[in-house]
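Hi,

Here is the structure I promised to pass on. Have a look at it first, and my notes on what turned up follow below.

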Amino acid sequence: MPVRLPKHQVQIPSQHWGWSFINRLSYISSTPGRGDVVAIRMAGESVVHVRRIVGLPGEEILILRGKVYINGQELEEPYVVAARPWNLSDIKLAQDEYFVIGDFRNTMIEDHLLGKVNRERIIGKVLF
Amino acid sequence: MNLQQLKWSHWLLLAILLALLTKWFWPTPEAQIRRQLRDLAQHLQLDGKESPLNSAHNAQKLGEFFAPEVTAEIHIKDRPQYFMRKRSDVVDATLLLRRSLKYFQVEFIDTQVRLENDSRAQVTTTAKARFDNEDRYFDAIELEIIFVFEEGRWRIKDLKTVQAIAL
């Protein structure tokens with residue numbers, strides 16, 4: 001499924017302003033995984049957010065000086081671009097929730113759209 | 001085609017025509033709400049600076065889309081939060097928006113209407129907006145709206161933004 005990304009919505013370095021493609025079949029036989037770049041629907045599928053999954057259902061997320069910790073273990077994130085020293089206290093994910101962040105983390109945490117997202121809102125994996 | 005078949009085809013055409021006319025003159029509540037949203041988007045549109053008088057007139061017209069006791073909570077990241085508790089608050093906020101922008105266009109997409117009863121409906125939609133101050137840019141927010149049938153038409157009673165990604 002093709003989607004159009006506005007310039008300020010581009011949060012993943014491999015993406016460009018313009019068109020991107022989503023594989024809607026990617027999670028038919030599997031569940032979203034850590035590191036996947038996914039499309040998150042709004043009221044429908046015409047406009048989507050694109051973010052990377054860092055936390056899986058049931059996990060605890062903590063961000064300390066820009067590093068993401070999952071259940072107390074630091075997460076290796078080679079894809080991150082210019083991380084600022086964000087801090088976010090422990091967040092426990094429910095069984096149908098994922099934690100998503102963009103790769104461009106050079107803004108204040110308040111200016112970045114990150115957080116929990118419900119499984120039913122994830123419509124597929126972003127191809128490019 | 002014999003005479004009998006010809007008569008039947010006339011009756012069929014007449015029935016289709018009547019159905020279309022009924023739909024046109026007496027739209028279903030869902031169709032009325034969708035039309036309200038389309039009209040609202042049209043009234044919100046702004047292309048070029050308006051005179052203060054026009055801004056006030058247009059904001060007043062826009063107020064008619066809302067119930068007198070409307071509650072609205074607009075929360076968009078990086079922007080000031082708006083809490084409105086009555087129709088006049090909506091008119092004031094609209095006026096402020098119209099005075100501060102040169103270009104504004106909104107479109108309601110992916111709209112789903114769920115009728116709760118004859119006079120109340122829940123609507124979810126994505127409002128896709130284009131603004132212009134210095135640069136023209138695009139943004140989208142998800143909205144949950146409660147429409148009520150009041151004073152002879154469907155009006156917005158509650159409006160709030162929904163966060164797909166939230167802490």
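Asp36(A) sits in the loop between strand 2 (18-23) and strand 3 (37-41) of chain A. Keep in mind as you look at it that this is a predicted model. Is Asp36(A) buried or exposed? With a relative accessible area of 14%, Asp36(A) falls under the 20% cut-off, so it counts as buried. Its side chain makes a polar contact of 2.8 Å with the side chain of Tyr27(A), and it also reaches the backbone nitrogen of Gly33(A) at 2.9 Å. If you leave aside the neighbours within four places in sequence, the residues in contact with Asp36(A) are Tyr27(A), Arg51(A), Arg52(A), Ile53(A) and Lys125(A).

Stepping back to the chain that holds this loop: chain A has zero helices and eleven strands, so to speak a plain run of β-β-β-β-β-β-β-β-β-β-β along the sequence. Of the 128 residues in chain A, 52% are buried. Take the contacts in chain A with a separation of 6 or more, and 55% of them come from residues 24 or more positions apart.

One sheet in chain A is worth pulling up on screen. It is an open sheet of four strands in the order 7-6-5-8, with antiparallel pairing. Strand 7 (73-74) and strand 8 (88-92) of chain A are at the edges with a single partner strand each, so each has one side without a neighbour in the sheet. The partner of strand 8 of chain A is strand 5 (residues 60-64) of chain A, and these two pair in the antiparallel sense over three bridges. To find the spot, look for Ile61(A), which stands opposite Ile91(A) in strand 8 of chain A.

Now over to chain B. Strand 4 of chain B pairs in the antiparallel sense with strand 5 of chain B over twelve bridges, and a hairpin of two residues joins them. Within that pairing, Val106(B) has Ala129(B) in strand 5 of chain B as its bridge partner. Strand 4 of chain B also pairs with strand 1 (residues 46-47) of chain B, again antiparallel, over two bridges. There, Asp47(B) has Tyr103(B) in strand 4 of chain B as its bridge partner.

And then the interface. How many residues of chain B are in contact with chain A? There are 19 of them, and they touch 26 residues of chain A. The area buried between the two chains is about 1,700 Å², with carbon and sulfur atoms giving 62% of that. Lys77(B), Ile165(B) and Leu167(B) supply 38% of the area that chain B buries against chain A, more than any other three residues.

As for polar links, the rule finds one salt bridge across the interface of chain B and chain A. In that salt bridge the side chains of Arg121(A) and Glu142(B) meet at 2.8 Å, N to O. The rule also finds eight residue pairs in polar contact across the interface. On the side of chain B that touches chain A, strand 4 (103-117), strand 5 (120-132) and strand 6 (136-150) of chain B each supply at least two residues. Strand 6 of chain B gives the largest share, five residues. By type, that side of chain B divides into nine nonpolar, four polar and six charged residues.

Over to you, and shout if anything is unclear.

Cheers

Note on methods. Residues numbered from 1 in each chain as written. Chains lettered and ligands numbered in written order. Predicted model: local features only at pLDDT ≥ 70, side-chain atom pairs only at ≥ 80, totals over all residues. Heavy atoms only, no water. Contact = heavy atoms within 4.5 Å. Buried area = accessible area lost by both parts, 1.4 Å probe. Salt bridge = Lys/Arg side-chain N within 4 Å of Asp/Glu carboxyl O. Polar contact = N/O pair within 3.5 Å; in protein donor to acceptor, adjacent residues only side chain to side chain. Nonpolar A, V, L, I, M, F, W, Y, C, P; charged D, E, K, R; others polar. Pairing = 2+ DSSP bridges. Buried < 20%, exposed > 50% of the residue type's maximum accessible area, 1.4 Å probe, protein only.
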